Amino acid sequence: MKTIPILLLLCLSTLSFCTTKSEETQEPVPPGQDTPVSGTTPKPEMSPTLIETVIEKELLYDQHTLTDTYPYKDTTREFQWDKIRAGLRLLDSIRQKPSRWAIFQNYRNKNGEAPLVRNFHRDAYKRISDTLGVERYQSVPLYLPEDTLTAERYGRDGALVKLLDDSNRFFRIQTIYTNGEWLVPGKYIKPVDSVTFDKAIFVDVTNQNIATLEHVDSKWLVRSMNPATTGQHRPPYAQETPLGIFVVQEKKTRMIYLVDGSKETGGFAPYASRFTNGGYIHGVPVNTPRKSLIEYSSTLGTTPRSHMCVRNATSHAKFIYDWASVNETIVFVFD
């Protein structure tokens, strides 16, 4: 199949962007103080190593395909290749300089409800979150290195973290989406050693699109470019798809969902790949009593309207379901 080169020569850093002159003079972040990062990518570190990161289009899935820029109502939407390239640079750095990696895991509080953090907020629906808005439910407690009695923040289920030390009951980790060094009880950590993450999924909540890429030889090949629909803010049932860097953790051919506010089955979402909490990449939902699959919805690629998940055309969700390896595929969610 004919390939189309997109770019580029990039500065390879341990965790992300090329550092600018102004960044070189910044004070280092103290351990435990995480810093939100612009562009949904990690804070840069200096590295003299140069690497050519080449992106080419070689689609494995070619239905409902979007172009690099495309019209939407009276505006233009796009695939934000600069942010996608930044994510690929992170994965290239992992490949060039192997480290130990791990995944936060506490789906449905299966590893124990996280304790209350030092400063928390309780909303009108009695949900508890930290000062950054990360909810307690299904999350992981993050402790400052100097205080393992009271948790400081919550970490999202499914988040990729760097594993620095696992010799004690509290594992020492470094968060990637935000820069910070923390101690976390070992029961919430799943080590994924010797993984190079050759597959990546990029979800753009601003442009409501999704791209999949795969590292082959020395190139990143674009495997699909499609419309998607992400989560909306409609408490207490619907939530935004959280920004961050996650790992595909499990798959379900049919993800059963309930009618809001009840225990009644509302239907199922086909070919669901879970990456954080109850957030899945899946096909068009099928409401009860219907049983047959729905290929496409006119709402895809328009505005957020799911319950946290990332909706796709059902055939594209199946492509991801078949293509994405559990514990080895990264999901970047950015704005």
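**Cores, aromatic pairs and the largest pocket of the predicted model**

The largest nonpolar core comprises 34 residues, and those with the most contacts inside it are Phe104, Ile173, Val184, Ile201, Ile210, Ile281 and Val331. Two or more residues are given to this core by each of β8 (101-104), β11, β13 (160-165), β14, β15 (178-185), β17 (199-204), α3 (314-323) and β26 (329-334). Helix α3 provides the largest share, three residues. Apart from this core lies another, of 29 residues, which includes Leu66, Tyr70, Ala200 and Ile330. These descriptions refer to a predicted model.

The protein chain contains three helices and 26 strands. Of its 335 residues, 56% are buried. Among contacts in the chain with a separation of 6 or more, 70% are accounted for by residues 24 or more positions apart.

The surroundings of Ile201 illustrate the packing in the largest core. When residues up to four places away in sequence are not counted, Ile201 touches Ile210, Ala211, Thr212, Val248, Ile281, Ile320, Trp323, Ala324, Thr329, Ile330, Val331 and Phe332. Two of these partners, Ile320 and Trp323, are also among the buried residues of α3. The other buried residues of that helix are Thr314, Ser315, His316, Ala317, Phe319 and Tyr321. With eight of its ten residues buried, α3 is therefore largely enclosed by the rest of the structure. The cover over the buried residues of α3 includes β17, β18 (209-216), β19 (219-227), β21, β22 and β23.

Aromatic side chains were examined next. The structure holds nine aromatic pairs. In one of them, Tyr70 and Phe79 are tilted, with 6.3 Å from centre to centre and 55 degrees between the planes; both residues are buried. Tyr143 and Phe170 form an edge-to-face pair, with 5.3 Å between the centres and 85 degrees between the planes. Because Tyr143 lies in the loop between β11 (140-142) and β12 (153-155) while Phe170 lies in strand β14 (residues 170-175), this pair ties together parts that are 27 residues apart in sequence. Tyr143 and Phe170 are both buried. Ring pairs also link Tyr61, Phe319 and Trp323 into a cluster, and Phe319 and Trp323 are buried residues of α3.

Charged side chains are placed over two tyrosine rings. The charged end of Arg274 sits over the ring of Tyr107, at 3.8 Å from its centre. Lys251 lies over the face of Tyr321, 5.5 Å from the ring centre, and Tyr321 is itself a buried residue of α3.

The largest pocket has a volume of about 1,400 Å³. Its lining is made up of 46 residues, of which Arg127, Tyr237, Gln239, His307 and Met308 lie nearest the centre. At least two lining residues are supplied by each of β21 (250-258), β22 (265-276) and β23 (279-282). The largest share of the lining, six residues, comes from β21.

Met255 lies in strand β21 and is buried, with a relative accessible area of 10%. Leaving aside neighbours within four places in sequence, Met255 is in contact with Gly267, Phe268, Ala269, Ala272, Tyr280, His282 and Cys309. One of these contacts, His282, is 27 residues from Met255 in sequence, and the two C-alpha atoms are 8.4 Å apart.

Ser129, in strand β10 (residues 128-129), is likewise buried, with a relative accessible area of 10%. Beyond its neighbours within four places in sequence, Ser129 is in contact with Phe120, His121, Val134, Glu135, Arg136 and Tyr154.

Several loops carry notable backbone features. The peptide bond from Pro235 to Pro236 is cis, with omega near 5 degrees; Pro236 lies in the loop between β19 and β20 (244-247). A cis peptide bond also joins Thr288 and Pro289, with omega about 15 degrees, and Pro289 is placed in the loop between β24 (286-287) and β25 (310-311).

Positive phi values occur at Gln138, near 70 degrees, and at Asp217, about 55 degrees; neither residue is a glycine. Gln138 lies in the loop between β10 and β11 and counts as buried at 8% relative accessibility. Asp217, in the loop between β18 and β19, is instead exposed, with a relative accessible area of 71%.

Note on methods
Residues are numbered from 1 along each chain as its sequence is written. This is a predicted model: local features need pLDDT of at least 70, side-chain atom pairs count only at pLDDT 80 or more; totals for chains, interfaces and linings use all residues. Side-chain values use heavy atoms; hydrogens and water are left out. Rings of Phe, Tyr and Trp (its six-membered ring) pair if their centres lie within 6.5 Å; planes under 30 degrees apart count as stacked, over 60 as edge-to-face and the rest as tilted. Buried means under 20% relative accessible area, exposed over 50%, partly exposed in between (1.4 Å probe, protein chains only). Helices (H or I, at least four residues) and strands (E, at least two) are DSSP runs, numbered from the N terminus. A charge sits over a ring if NZ of Lys or CZ of Arg is within 6 Å of the ring centre and within 35 degrees of the ring normal. Contact means heavy atoms within 4.5 Å. A nonpolar core is a set of buried Ala, Val, Leu, Ile, Met, Phe, Trp, Tyr and Cys residues joined through side-chain atoms within 4.5 Å. On a 1 Å grid over the protein atoms alone, a cavity is a set of points where a 1.4 Å probe fits but cannot get out, and a pocket is an open set with protein on both sides within 12 Å along at least five of seven lines; lining residues have an atom within 4 Å of a point. Grid points are joined across faces, edges and corners, and a volume is the space filled by probe spheres set on the points.
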